[in-house]
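Colleague: I've got a few questions about how the labels on this one were earned. Can you show it to me first?

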Amino acid sequence: MNESSPSKSPPKSENKLFTLKKWNAVAMWAWDVECDTCAICRVHLMEACLRCQSDSKAEDCVVVWGECNHSFHNCCMSLWVKQNNRCPLCQQDWTVQRIGQ
Ligand SMILES: [Zn+2]
Ligand SMILES: [Zn+2]
Ligand SMILES: [Zn+2]
């Protein structure tokens, strides 16, 4: 009995190349909400900021828009720019585009 089984089984030593799975991490920015919320005091822009609410001068609380199209309470922003003259959301230089209700 001459068992000549042509077992062609080359040693599979070839490691699988690292398959880098690209994480299609579509960053669902929760920050989108910030368009309507003051990022400084976290109060909705349709309402007065915390400071004005507690001082009962909500009518004086206006919204300010920057060149970057981010908006904040004017009083929050005027305090903020004393520390840091940049937009708290996008870090661009803060330039007032308009102020209004
Ligand atoms: Zn605010
Ligand atoms: Zn205010
Ligand atoms: Zn901005």
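Modeller: What follows is a short round of questions and answers on this predicted model.

Colleague: What makes you trust some parts and not others?

Modeller: The mean pLDDT of the protein chain is 80, with 65% of its residues at 70 or more. Among the regular elements, helix H1 (residues 50-55) has the lowest confidence, at a mean of 91, and helix H2 (residues 74-83) the highest, at 96. Residues 23-34 are another story: pLDDT stays under 50 there, and the model has three contacts for them beyond four places in sequence. Where pLDDT is low, the predicted coordinates should not be read in detail, so I leave that stretch alone.

Colleague: Which elements are there, and in what pattern along the sequence?

Modeller: Two helices and three strands, and read along the sequence they give α-β-β-α-β.

Colleague: What makes E2 and E3 edge strands?

Modeller: The open sheet of three strands runs in the order E2-E1-E3, with antiparallel pairing. Strand E2 (71-73) and strand E3 (96-100) each pair on one side only, and that earns them the name. From one strand to the next, the twist averages 25°.

Colleague: How do you know that strand E1 really pairs with E2 and with E3?

Modeller: Pairing needs at least two bridges. E1 (residues 63-66) and E2 have three, in the antiparallel sense, and E1 and E3 have four, also antiparallel, so both pairs qualify under the cut-off of at least two. Val64 shows it nicely: its bridge partner in E2 is Phe72, and in E3 it is Ile99. Trp65, for its part, stands opposite Ser71 in E2.

Colleague: What joins E1 and E2?

Modeller: They form a hairpin with four residues between them, and Asn69 in the turn has a positive phi of about 70°.

Colleague: Which side chains of E1 are buried, and which are not?

Modeller: They alternate. Val64 and Gly66 point to one face and are buried, whereas Val63 and Trp65 point to the other and are not. As for the helix packing, H2 lies across E1, E2 and E3, running at about 95° to E2.

Colleague: Why is Arg51 called partly exposed?

Modeller: Arg51, which sits in helix H1, has 15 other C-beta atoms within 10 Å. Buried takes 20 or more and exposed 12 or fewer, so a count of 15 falls in between and Arg51 is partly exposed. Its C-alpha atom is 8.4 Å from that of Cys75, which is 24 residues away along the chain.

Colleague: How much of the chain counts as buried?

Modeller: Buried residues make up 20% of the 101 residues.

Colleague: And which residues have the most contacts inside the largest nonpolar core?

Modeller: Cys38, Cys49 and Cys76, in a core of 13 residues. H2 supplies the largest share of this core, with four residues. Cys38 touches Val43, Leu45, Cys49, Phe72, His73 and Cys76, leaving out residues up to four places away in sequence. In general, nonpolar side chains tend to be buried together in soluble globular proteins.

Colleague: Last one: what share of the contacts links residues 24 or more positions apart?

Modeller: 46%, counting contacts in the protein chain with a separation of 6 or more.

Definitions and conventions: Residues numbered from 1 in each chain as written. Chains lettered and ligands numbered in written order. pLDDT = per-residue confidence, 0-100. Contact = placed C-beta atoms within 7 Å. Axes fitted to C-alpha atoms, helices over the stretch in contact; angles between N-to-C directions. Core = buried A, V, L, I, M, F, W, Y, C linked by C-beta atoms within 7 Å.
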